[in-house]
Amino acid sequence: MKREPVLEAVDIVKELGSGAAKVQALKGVSMALRPSELTLLMGPSGSGKTTLLSILGCILKPTSGDVRVVGESTIGMSAEQLATVRRAHIGFIFQSYNLFPTLSAIENVRIALDVRGQSGFKAAARAEEVLRDVGLGHRLRYHPGNMSGGEQQRVAVARAIAASPSVVLADEPTAALDTENGHAVMALLARIAKEQARSVLVVTHDPRTLPYADRVVRIEDGRIVGEERRPEGLDAPEITDLAKRRKAHA
Amino acid sequence: MILTLAFRNLFHDRVRLAVTLIGILFSIVLVAVQLGLYLGSSRMITSNIDNARGELWITAFGAKSFEDGGLLLHSAERHQALAAAGVAEVIPLVVSFAEWRRPNGGSTRVVVVGTDPEDGGLVPWSLTDGTWLDVKSPDGIAVDKSYLAELDVKGIGDTAQVAHGRVRIKALTEGVRSFTQAPYAYMPISRARHLLGAPGDATSFYLVKLQPGADVESVRRDLKSRFESAEVLTAEEFRDRSLNTWLFQTGAGVALIGGALLGLLVGTVIVAQTLYSSTKDHLAEFATLRALGSSSGYIHKVILGQAGLSAVIGYVLGMIIALAVVYASRGTPLPMVMTPWLAAALFAVTIFMCAISQLSAIFKVTKIDPAMVFSK
Ligand SMILES: Nc1ncnc2c1ncn2[C@@H]1O[C@H](COP(=O)(O)OP(=O)(O)OP(=O)(O)O)[C@@H](O)[C@H]1O
Ligand SMILES: [Mg+2]
């Protein structure tokens, strides 16, 4: 059973910089994200991963091509309209967490709800609920400076999912974490994809993330060069093997 | 959450907050002092006019202020005025500068104010020691407490020489100050004429009281047509003319208002600078907010919140200092005045200043590229 994509990139070309420094970071990329699926986007440094994520997340506008969010084209949208799309459908997680250092964990989550016009008791209760869900019930009033990297990233995950977006986009979420915390965050993201029927895209270099993937998309030099999907019923380690085999071939 | 974030951003950097508040404080106190002095001066200048009861003033032609009436009017004008329809009473006042000989040598100037309060024209106000009945006893006058030292007398009972005669202090007022720094000396009109060596009907001003229901404008027109060398002014016009003379033709008012504007300008620049640098420091956070999907309006509100909070805190602190200055200037020759109106105006000024200040910060965030959230 193949569900309709919630986020779809069609023939994306993106040029960055100008003049002599002009780079074609993406050279015609198409990609679809479906619910209940955790996709890894892997590729060497400079291959265009962050650029693609930004375009999928409606933060960057493509030079050509279209991004469709729940079937709707975003061509010709203004910066303000794109913000509205992000608000309604997309949650972000960043490598360096990007939490507000002056706000407590619960306030960091609440502000993501506040931006969407959700405030008051209900929003506070919801923020607490998601923080408990990511295992931070005991850190509600902690400020980012007093939390470990793993805890901070889990606050960021809570912030990304608090408003129930259909897509969660994460750029190198485990890069700044040790093995244990890296696994904890990936397990959390995989669970979010499964339990809440969201689509999760994780940009990563990190092979430790492979066991959690339903699908791995590879990008090199601005082009998608391969895609592996974990066959139905296959366990996570299989895909790791797939990756190993691939490496052996190369 | 907007206010929470604004508040935290503001208090995150204490040094910058201190600079911002000092900027606002400096502005408010300076503007408060300048405008307070302006108000104080205005009150001093118009206090006699404000306390006189009469709709119209007949003055010698070209009289520029309460102190500048001369002694050019006579009973002829009074009779002419009384003949006009709608006029109920015409009450004379004598006002003139005169030399006051200090008992222990030297002299100073006073403003002799001759009035008969029984007529219901100008009734000396704020008499705290002694009564008008005491003033009516031989040689009696009333002066303000605050000028006793200047006049070289100690209090009630002391005597001095004014122009052509002797006076004895019989009553004291409190808070009746003079912008020209020449103290007002209140006395019955006949004593004033006597001291000044003026003829028995010489008069500075006639205060005109109208009959109930009479139209001020038409009575004024009627009176005007009757005089050749006298003017007829409404109390309001006479006030304005006095203010204009003392505050603007002398430049004092211009200096006060100029000082206030300068304070405003300097404060605005300081606050604009600190708000701008705060916004610059928190740019990554604003970019994150933008990536999270916040509208630009939301971000503007955070900056506005910062400006507004600074304004409120700065205003409260500034007002405390301004009120302390008011208190301290109570006994000085130029007391500063604070009214609810001035306090409200200062608040408006503070808000305005902060609103202007945050424009540069707002301009900075409109150029935010949310893509910067991915740069490490
Ligand atoms: N603002 C920019 N101006 C010009 N070129 C840029 C700009 N941003 C990125 N690039 C270039 O675009 C290409 C893709 O960059 P991108 O950040 O998407 O790579 P990436 O796959 O995320 O790399 P990494 O793994 O190092 O994060 C790179 O060659 C990069 O140098
Ligand atoms: Mg990258």
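Two strands pair if DSSP finds at least two bridges between them. Helices (H or I, at least four residues) and strands (E, at least two) are DSSP runs, numbered from the N terminus. This is a predicted model, in which local features need pLDDT of at least 70 and side-chain atom pairs count only at pLDDT 80 or more, while totals for chains, interfaces and linings use all residues. Residues are numbered from 1 along each chain as its sequence is written, and chains are lettered from A and ligands numbered from 1 in the order in which they are written.

**Exercise 1.** Determine how β3 and β9 of chain A are joined, and place them in their sheet.

*Solution.* Step 1: β3 (residues 37-42) and β9 (residues 215-220) of chain A run parallel and share four bridges. Step 2: A:Met42 faces A:Arg218 of β9(A). Step 3: the open sheet has six strands, ordered β6-β7-β8-β3-β9-β10 in chain A, with mixed pairing. Step 4: β6 (90-93) and β10 (223-229) of chain A each have a single partner strand, so one side of each lacks a neighbour in the sheet.

**Exercise 2.** Identify the strands that α1(A) lies across.

*Solution.* Step 1: the strands are β3, β7 (167-171), β8 (199-204) and β9 of chain A. Step 2: α1(A) runs at about 155° to β8(A) (axes are lines fitted to C-alpha atoms, for helices over the stretch in contact; angles run from 0 to 180 degrees between N-to-C directions).

**Exercise 3.** Find which element gives the largest share of the side of chain A that touches chain B.

*Solution.* Step 1: 25 residues of chain A contact 22 residues of chain B (C-beta atoms, placed from the backbone, within 7 Å). Step 2: α3(A) gives the largest share of that side of chain A, five residues.

Notes: Contact = placed C-beta atoms within 7 Å.
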